[in-house]
Amino acid sequence: MREQEVSVIGLGPMGRAMARASLGKGYRVTVWNRTAGKADELVAAGADRAATVHDALAASQLVVLSLTDNDAVYTVLEPATEALPGRVLVNLGSDTPESARRAARWASGHGARYLTGGVQASPPDIGQPGFSTFYSGPKEAFDAHREALEVLTGTDYRGEDPGLAAVYYQVGMDLFWTTVLGWLHALALADAHGVPAEEVLPSASSMLAGMPDFLAFYTRRIDAGEYPGDLEKLAMGVASVDHVLETSRGAGVDTSLPSAVLEVFRRGMAAGRADDSATSLVEVLKKPAAA
Ligand SMILES: NC(=O)c1ccc[n+]([C@@H]2O[C@H](COP(=O)([O-])OP(=O)(O)OC[C@H]3O[C@@H](n4cnc5c(N)ncnc54)[C@H](OP(=O)(O)O)[C@@H]3O)[C@@H](O)[C@H]2O)c1
C-alpha cells in the first residue's frame, strides 16, 4: 500500500498541479505549504493537510518537493530532519547541478534517498500525456517510485549522478530562455515598425519549425568538431548580426541583446574562424570570455 501514498511539499502552481494529478489517480496525498491556505482547494478535493513538515514527511515514503530552489528546501526540511530516515525525496524544483549533488549528500547524511528531477512541463501539462521530466539519482529509488512519478509526467532517467537531471534541465532552460528572449526582441523590433506580434507569428513559427532539421544537421558536425564553411561562413553571420543591431538602433529599441550576440561573433572572427561555419562559435562559448 505504501507506493499509493505521496506527500507534496510546496504548493506553488506546480506543486498544486502535481498534488491534483496524484489525487486524480487515487493516491493518498498529503500536502504541506508554508502559506497554509494554498492547500485548501486540495484538502477539499481529498488531500490530507499535514500540520507540520514533520507530519508530511512521516505520512509517505515518497516525498515530492516543489519549492522555488534548494535554499527553500533546506529552510523547510532542516527543522524536521528526524523524519527523514527511509524517505525518498524527489526534488522537482530548479537549482544547479552542484547544488543538487550537495542536497543529495545532505539527504543521504540524514538517512533519506534523493532523486533530482527537471520538469519539462508547465502546471496545466501535469498529468497530461506528451510531457517528460528528467530524473537522476539512485536507480532503485527511481524504479521503486516510477509509477507514482509517471502520474505527473513521463519519466526520462538519466543516471545515478544526482546532478545529471539538473544538467539536462538547465541545458534546456538555457535554450528556452535565450530563444524566448530572441523572439521578444524580434517582436519589439517589429512593433517599432508598426508590425504587431500576430503578423510575425507565421514567419517566426516557420523559422522555428525548421530548427529540428537544422539542429540534426549541425549536431553531427559539432560532435565531430568539424565546422566547414561550405554552407555559410561566420563572416557572413557577422554582417547579418550587424544589420540586426543597426536596424534595432535605428528603430530605437533596446540593443543589448544583438550587441551581445555580435560580440560573440566578433570573438569568433578574432579567433580566425571567419571562413568556418557560425556553429564554430560553440568553441568560443566553451570558454569564459576574457575579462
Ligand atoms: N511553474 C512552472 O511552469 C515550472 C515549470 C518547470 C519547473 N518549475 C520549477 O518547479 C518549482 C516550483 O514551481 P512553482 O511555479 O510552483 O514555484 P513558486 O511559485 O515559486 O512556488 C514555490 C513554492 O516554494 C515555497 N517557498 C519558496 N521559498 C520558501 C521558503 N523560503 N520557505 C518555505 N517555502 C518556500 C512557496 O511557498 P509559499 O506558497 O508559502 O510562498 C511555494 O509553495 C520551481 O523550482 C520551478 O523552477 C516550474
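**Exercise 1.** Determine in which sense strand β5 (residues 88–91) and β6 pair, and over how many bridges.

*Solution.* Strands β5 and β6 pair in the parallel sense over four bridges. Here, two strands pair if DSSP finds at least two bridges between them, and strands (E, at least two residues) and helices (H or I, at least four) are DSSP runs numbered from the N terminus. Next, locate one position: Asn91 stands opposite Thr116 in β6. Finally, add helix α5 (residues 97–109), which together with β5 and β6 makes a right-handed β-α-β unit; right-handed means that, with the strands pointing away from the viewer, the path from the first strand over the helix to the second runs clockwise.

The model is a predicted one, in which local features need pLDDT of at least 70, side-chain atom pairs count only at pLDDT 80 or more, and totals for chains, interfaces and linings use all residues. Residues are numbered from 1 along each chain as its sequence is written.

**Exercise 2.** Identify the strand that runs antiparallel to β6, and the partner of Thr116 there.

*Solution.* Strand β7 (residues 132–136) runs antiparallel to β6, joined to it by five bridges. Within β7, Ser136 is the bridge partner of Thr116.

**Exercise 3.** State how many residues of β6 are buried.

*Solution.* A residue is buried if 20 or more other C-beta atoms, placed from the backbone, lie within 10 Å of its own. Of the eight residues of β6 (113–120), seven are buried, and the strand is thus mostly covered.

**Exercise 4.** Give the bounds of the two domains and the distance between their centres.

*Solution.* Domain 1 spans 2–159 and domain 2 spans 168–285, with bounds from an automatic or database domain assignment. Their C-alpha centres lie 37 Å apart.

Key. A residue is buried if 20 or more other C-beta atoms lie within 10 Å of its own, exposed if 12 or fewer, and partly exposed in between; C-beta atoms are placed from the backbone.
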